Number of protein chains: 2
Amino acid sequence: MDYQAYFQKNRDVHLQELGELIRIPSISTSSEHKGDVLNAAKWVADSLRRAGMENVEVYPTEGHPVVYGEHLHAPGKPTVLVYGHYDVQPVDPVELWDTPPFEPTIRDGKLYARGATDDKGQMFMHVKAVEAILSQEKELPVNIKFCIEGEEEITSPNLPSFLEANQDKLAADVVLISDTQLLEPGKPAICVGLRGLCSLEVTVRTANTDLHSGTFGGGVPNALHALVALLSSLHDDQGRVAVEGFYKGVPELTADLRKEFDKLQFNEEKLRADLGLDTLFGEEGYSFIERTGVRPTLELNGVYGGFQGEGTKTVIPKEAHAKITCRLVGDQDPQDILDKIEAHLNSRVQPGAKLDVRQTERARAFTIDPSNPLLQKAADAYGRVYGTRALFTNDGGSIPIVATLSRVLSAPVVMMGFGLPDENLHAPNEHFNLENFDKGLLTIVEYLKSL
Amino acid sequence: MDYQAYFQKNRDVHLQELGELIRIPSISTSSEHKGDVLNAAKWVADSLRRAGMENVEVYPTEGHPVVYGEHLHAPGKPTVLVYGHYDVQPVDPVELWDTPPFEPTIRDGKLYARGATDDKGQMFMHVKAVEAILSQEKELPVNIKFCIEGEEEITSPNLPSFLEANQDKLAADVVLISDTQLLEPGKPAICVGLRGLCSLEVTVRTANTDLHSGTFGGGVPNALHALVALLSSLHDDQGRVAVEGFYKGVPELTADLRKEFDKLQFNEEKLRADLGLDTLFGEEGYSFIERTGVRPTLELNGVYGGFQGEGTKTVIPKEAHAKITCRLVGDQDPQDILDKIEAHLNSRVQPGAKLDVRQTERARAFTIDPSNPLLQKAADAYGRVYGTRALFTNDGGSIPIVATLSRVLSAPVVMMGFGLPDENLHAPNEHFNLENFDKGLLTIVEYLKSL
């Protein structure tokens with residue numbers, strides 16, 4: 001079978017279909033988009049049916065639904081569960097997008113849109129790969145199940161109970177996920193480690209109203225002063241997290257692992273230049289790949305309070321806000337970390353200010369042993385398509401459900417990513433390099449046929 | 001003449017007229033309101049004409065116009081120049097207003113609206129006081145000139161050159177301003193000191209795009225981290241400004257002045273309770289009245305960067321912003337202070353971050369000797385209406401043009417305020433207690449007749 005010719009011939013139709021899904025603004029964190037998220041689920045279900053999947057259903061949950069579909073006609077062959085997600089991140093600041101985030105646009109061989117790579121584009125490739133094999137060979141080389149959720153970007157609050165409740169239906173020999181990245185163009189990678197995540201929202205309140213800085217300035221607490229003092233206490237000057245006990249459970253970086261990282265030959269200078277930075281910045285004594293792969297971090301994702309308009313407003317704001325997330329590694333316990341940060345902040349509140357901390361998300365880190373044959377075969381499949389065997393990498397991101405999938409289904413997880421690090425995930429002008437769309441389809445076909 | 005009866009009879013008409021002016025959203029800092037600011041100027045001119053003023057004109061400037069009008073038919077009597085402003089502060093956060101900011105609403109004897117007290121309401125009282133005397137006595141006891149500007153809330157960038165260019169036209173024996181406050185209900189005050197002001201806008205930039213905290217977190221600079229570190233360095237733990245040389249030119253607080261402050265018998269406990277605070281907060285060793293009256297201050301008025309929406313967004317923002325104003329006293333030089341803050345920030349920028357500082361406004365502090373007979377007569381006028389002679393106070397606010405008016409016109413400035421400290425100047429639900437509208441009209445009439 002010449003799958004390259006097949007995918008080439010159907011490319012426009014495939015991209016047009018993907019465009020339909022992308023046009024649905026399925027932002028899972030925003031309650032006003034609840035209907036859109038549901039519509040995206042229905043669209044995925046229809047697309048699975050069109051691909052030849054059976055028993056396709058949209059399963060409601062307490063939050064956004066899970067889409068399931070299967071094709072179980074390969075007795076004696078392994079069962080592959082494809083996991084992906086059809087929800088996307090918010091689009092702010094929307095004014096920084098060159099083209100509207102939900103209007104898919106191809107420029108220079110790249111598809112620009114929210115969700116183009118994370119994860120609508122990558123998830124959709126599995127649907128099309130299976131459809132291709134079925135259309136060309138009338139049967140699949142494996143049994144296949146799809147489990148596509150709508151809450152990944154809000155750390156999958158309802159999927160664990162769905163997995164527990166449907167353990168038999170979802171049972172598989174391997175879980176296959178495309179929601180990670182190549183190292184750089186032409187250098188494929190299989191992710192064998194993901195950081196965990198925890199998040200919190202911090203509000204500082206002072207007076208019961210905004211106050212005039214002439215009448216009150218210097219004599220009353222200012223919520224912004226109290227907040228920036230708290231936030232700046234979270235790191236030391238070298239970018240190390242200054243919360244007591246934060247690094248408990250973080251594994252030492254062994255000489256062996258350090259050698260593995262060196263093999264990746266990551267080009268820090270190129271990254272620095274690409275990002276327009278004078279210098280990269282992070283914890284002393286670690287390379288970029290180490291800092292983002294196997295070291296934990298605490299990031300301010302948003303801070304706001306007081307006047308943001310044009311000109312000057314001499315106001316003392318009555319409240320100020322911060323959104324914080326941590327990436328976790330090794331045995332760091334998300335709940336423990338959240339409690340330590342909360343205690344750290346509580347012990348440093350300025351006189352006259354009141355602190356309100358809301359703990360929101362918790363997910364542990366995940367790792368898998370790359371010597372597993374199911375991972376080795378995946379590396380080989382990349383090799384046949386890209387001409388370079390995939391390396392095994394630790395991704396700094398978090399797919400909180402991965403550890404749960406592995407545990408509940410007692411199956412290894414193969415993270416076969418086709419994104420690139422500079423594709424603006426979660427930022428304006430997210431895009432997907434279509435070279436990896438084309439090669440990715442072939443790699444998935446190769447992998448399924450090799451099992 | 002029974003002016004009390006006159007004002008009582010005309011009260012509804014006066015408040016209705018004031019409502020017309022308040023409905024014009026003359027926010028001088030916002031370019032989109034330029035037309036509204038002009039309309040407010042025209043409205044003030046019409047109202048001066050109706051009051052019997054002559055040679056009324058709306059004088060264009062490089063920014064918003066100045067309204068002038070005069071009545072010069074009292075030979076041998078002093079000439080009073082009434083200064084006021086028809087522009088107002090922005091209204092954000094607009095969702096915290098109980099009634100729309102430009103829809104004047106009377107509740108519990110208080111007029112709620114942006115500009116109700118600062119300064120449309122207070123400025124308007126002078127127009128009505130003069131109109132009252134003319135209508136009742138067919139002549140004024142003094143020569144009077146009105147100079148009402150539209151840029152007070154943006155520190156009067158164009159009025160100084162207007163004053164210089166029209167020195168003869170504006171020449172006066174005393175400048176009369178109502179844009180300050182009583183000490184508390186029933187306790188009138190004449191302001192003999194105003195703090196100066198300087199302002200700046202700070203932007204920190206890092207990468208050329210927002211970045212995903214999974215892929216990049218821990219390995220790149222975060223604009224918010226760099227910003228909160230800078231901002232928190234501006235104060236020490238006791239609320240004292242930590243910029244080197246900031247307190248140069250700040251006069252020592254003498255035992256005599258401290259005794260004057262004690263006379264005011266300011267109720268800190270009541271203020272604390274009214275504001276819903278656990279404790280007031282400010283520079284060690286000073287009372288609230290001292291901190292806000294004769295001590296300088298540096299306030300964060302707005303801070304923002306990154307994600308502000310619902311839920312979580314794991315983004316590393318590429319830029320972050322702060323708006324800062326200082327209140328200055330004594331001989332502090334606004335330009336010198338701005339330069340010192342900029343140098344302080346520049347010396348502390350985190351690796352990988354770029355700092356952009358924009359200096360915006362500069363105004364020196366102002367003081368006048370309360371023994372001046374023109375001020376003593378004003379205190380007496382209050383005494384006849386309120387039953388309590390006015391005390392002389394230092395107001396923490398800034399009316400940057402006051403020092404300029406005094407210098408260019410070589411005339412003492414009488415700041416006869418009728419606001420109250422809790423009337424939410426520059427904040428949501430600004431209001432004006434109409435008891436002081438009624439008494440203020442009488443006080444102005446008493447004062448003009450006493451000259």
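## Getting to know chain A, with two stops in chain B

Chain A carries 44 positive and 66 negative side chains, and the centres of these two sets sit 1 Å apart. Keep in mind that this is a predicted model.

Let's start with the overall build. Chain A contains 15 helices and 18 strands. Its C-alpha trace spans about 80 × 50 × 45 Å along the principal axes. How does the radius of gyration of chain A fit with that of a compact globule? For 451 residues, such a globule would come out near 22 Å, and chain A has 23 Å, so the two agree.

Next, the inside and the outside. Of the 451 residues in chain A, 63% count as buried. The accessible surface adds up to about 16,300 Å², with 47% of that belonging to carbon and sulfur atoms. As for who touches whom, take the contacts in chain A between residues at least 6 apart in sequence: 79% of them join residues at least 24 apart.

Chain A is also split into domains. Domain 1 covers 3-194 + 365-450, while domain 2 covers 196-251 + 293-363. Measured out over C-alpha atoms, the centres of domain 1 and domain 2 of chain A are separated by 35 Å. Which residues bridge them is a matter of two small groups: ten residues of domain 1 of chain A are in contact with ten residues of domain 2 of chain A.Now for some backbone oddities, beginning with the cis peptide bonds. In chain A, one joins Asp92(A) and Pro93(A), with omega at about -5°. Pro93(A) sits in the loop between strand S3 (79-85) and strand S4 (105-107) of chain A. Over in chain B, a cis peptide bond joins Asp118(B) and Asp119(B), and here omega is about 0°. The loop holding Asp119(B) runs between strand S5 (110-112) and helix H4 (120-137) of chain B.

Two residues have a positive phi although neither is a glycine:

| Residue | Phi |
|---|---|
| Gln265(A) | about 45° |
| Lys138(B) | about 65° |

Where do you find Gln265(A)? Look in the loop between helix H9 (255-263) and helix H10 (268-274) of chain A. Is Gln265(A) buried or exposed? Its relative accessibility is 62%, so Gln265(A) counts as exposed.

Lys138(B) has its place in the loop between H4 and strand S6 (143-149) of chain B. Lys138(B) counts as exposed because its relative accessibility is 66%.

Conventions: Residues numbered from 1 in each chain as written. Chains lettered and ligands numbered in written order. Predicted model: local features only at pLDDT ≥ 70, side-chain atom pairs only at ≥ 80, totals over all residues. Heavy atoms only, no water. Helix = DSSP H or I, 4+ residues; strand = E, 2+ residues; numbered from the N terminus. Rg over C-alpha atoms; globule rule 2.2 N^0.38 Å. Buried < 20%, exposed > 50% of the residue type's maximum accessible area, 1.4 Å probe, protein only. Contact = heavy atoms within 4.5 Å. Areas by Shrake-Rupley, 256 points an atom, 1.4 Å probe, with all protein chains shown as cover. Lys, Arg positive; Asp, Glu negative; His and termini not counted. Charge placed at Lys NZ, Arg CZ, Asp CG, Glu CD. Domains from an automatic or database assignment.
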